[in-house]
Amino acid sequence: MGSVRKTRTRDGMSGLLELLEREGLLLEASEGICGLTPTAFTTNSKEVPEGAFFVCKGFTFKKEYLEMAAEKGALLYMAETDYGICLPRILVNDIRRAASLAARWFYDNPGEDLFVTGITGTKGKTTTAYILKSILDTKRPGKTAIFSTMEVYTGRESRVSHLTTPEPAELQSYFREAKENGCGHVVMEVSSQAMKLSRVYGERFPIGIFLNVDEDHIGGREHASLEEYVNCKIAFLSQCDTVIVNKNTRFFEKVMAGCAGKKVLLYGHDASCDGMIRNIRQDVSGSRFELGYKGQWYAFETSLVGRFNVENVTAAILAAFAMGIDAGTIQEGIRYIHIPGRMMLMEYNGIQIVVDYAHNYLSFLNVYQAVKETFSPKHIHSLFGSQGERSPVRRRDVGVLAEKYADYVYLTADDPGYEKVEDICEDIKRHITKPCRIIPDREEAVRAALSAAKPGDVVILAGKGAEVTQRVRGEFVPYISDAKAAQKWMAEQKAR
């Protein structure tokens, strides 16, 4: 979705030009541009309605895209370069920041009429977003929008998401939909890439949650270094009013420096935290723990398993407390939570099956530790791959962890992109001496892992979660999903 129409027009362009000039972004604008009234806003040359405001941005943008937009009836364009096209233009010195501001202007800043909670972290963003949504839905069912890695839900319609944080045109249209659908709250994931590419530039977040940060997303078109990655995560905090921070995160002092001037609530396992976690107990049915907050102790239980999920739940609880939600509502909201593709548990003839989205060091470490604590397995069978065109560090990390925690390893496809699945798997296998098979077809690999398991074993199907596509050579190819592949295998065993 790169082209979006607004529901009503606004008067001229002068307001936008003033905004861009105030932000130090405006270089020049065509004479008479203030008299124009665009009826659509787009960054996609394939989707340009008559009268559109076309924005020239992207790593691979070409002049031909603007020419195509002009042929389809674009009214004006905004860019960092004068492309010599016979259209009114706005020239800026930072097209990504300008695009975010222009999208907000175009949709009349709908986010300002919503209570938007942003969540960032290397691991746990989606889980925490769904936990907080569940709490808020306890008060007003269906009236909390969520923009996540899994889906975009705006109060009535749910869409499959392909970006953790939407591009500005889509983001503002989703805010508008949520507002029109009667939502009072939005819970959204804010990725480091979103900060680097200014997708949420200009937005304010009444509450921001900082879960954790660890080495990931470095290389290629992601981040040039660990320092840049961490700084992008921390930069999000400058746009928040109240910040909820995991005291156990790496780079804690640096994170706290980024919270200067903000109200900060810390959560963790020691008495210095605003939210102190103690007495964690867990089994296959879920987790129980106590939380100290403002001089009182509260007992909570949730269907989620794993100590890391207790921390995710706590972050959401503190956000809810900060919103003024009572403990009883929170307890009801977190008790039974189902998060697609996040520590989904199944069982067949004494074999425990765990489906999780784990795809980097921290997420894999959390899953392995949760599996050992919860199940005390005889053997761990671990199935996973690694995304194409991503940091080689991630392949090393997942291989090293499999070597440490798994007894049997199955390497397979996980969004290979333009790389060969076999090459990615060989990169991972260099770090593994345990029994290890490379099976490029993911469903076949799932079947192999499950068939090899015995009662008392745990099979971890990691990387895809509930996703139903594979990213292959620029296309999203249908995939059955790990959960359905496991269910299909179980049904076949029962039919024998």
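Which elements make a right-handed β-α-β unit with helix α12 (residues 392-405)? In this predicted model, the unit is made by β20, α12 and β21. The legends below describe this region, the one that follows, a pocket and a strand.

**Figure 1. Close-up of strands β20 and β21 with helix α12.** Strand β20 covers residues 380-384 and strand β21 covers residues 408-411. The two strands are paired in the parallel sense, and four bridges lie between them. His381 has Tyr408 of β21 as its bridge partner. Together with helix α12, which spans residues 392-405, β20 and β21 form a β-α-β unit that is right-handed.

**Figure 2. Close-up of strands β21 and β22 with helix α13.** Strand β21 also takes part in a second pairing, with strand β22 (residues 436-438). This pairing is parallel and has three bridges. Val409 is matched with Cys436 of β22 as its bridge partner. Helix α13, made of residues 421-429, joins β21 and β22 in a right-handed β-α-β unit. Strand β21 thus appears in both views, paired with β20 and with β22.

**Figure 3. Close-up of the second largest pocket.** The volume of this pocket is about 420 Å³. Its lining consists of 22 residues, and those nearest the centre are Asn246, Phe308, Glu311, Leu362 and Asn366. Two or more lining residues come from each of the elements α9 (307-322) and α11 (361-375). Helix α11 contributes the most to the lining, giving six residues. By residue class, the lining of the second largest pocket holds seven nonpolar, nine polar and six charged residues.

**Figure 4. Close-up of strand β6 and the strands paired with it.** Strand β6 consists of residues 89-92 and is covered on both faces. In a regular strand, side chains alternate between the two faces of the sheet. Arg89 and Leu91 lie on one side of β6, whereas Ile90 and Val92 lie on the other, and these four residues are all buried. Strand β2 (residues 26-29) pairs with β6 in the antiparallel sense over three bridges. Within β6, Ile90 is the residue opposite Ala29. Strand β5 (residues 76-79) runs parallel to β6 and is joined to it by three bridges. Ala79 has Leu91 of β6 as its bridge partner. Strand β6 is therefore shown with an antiparallel partner, β2, and a parallel partner, β5.

Definitions and conventions
Residues are numbered from 1 along each chain as its sequence is written. This is a predicted model: local features need pLDDT of at least 70, side-chain atom pairs count only at pLDDT 80 or more; totals for chains, interfaces and linings use all residues. Side-chain values use heavy atoms; hydrogens and water are left out. A crossover is right-handed if, with the strands pointing away from the viewer, the path from the first strand over the helix to the second runs clockwise. On a 1 Å grid over the protein atoms alone, a cavity is a set of points where a 1.4 Å probe fits but cannot get out, and a pocket is an open set with protein on both sides within 12 Å along at least five of seven lines; lining residues have an atom within 4 Å of a point. Grid points are joined across faces, edges and corners, and a volume is the space filled by probe spheres set on the points. Ala, Val, Leu, Ile, Met, Phe, Trp, Tyr, Cys and Pro count as nonpolar, Asp, Glu, Lys and Arg as charged, and the others, Gly among them, as polar. Buried means under 20% relative accessible area, exposed over 50%, partly exposed in between (1.4 Å probe, protein chains only).
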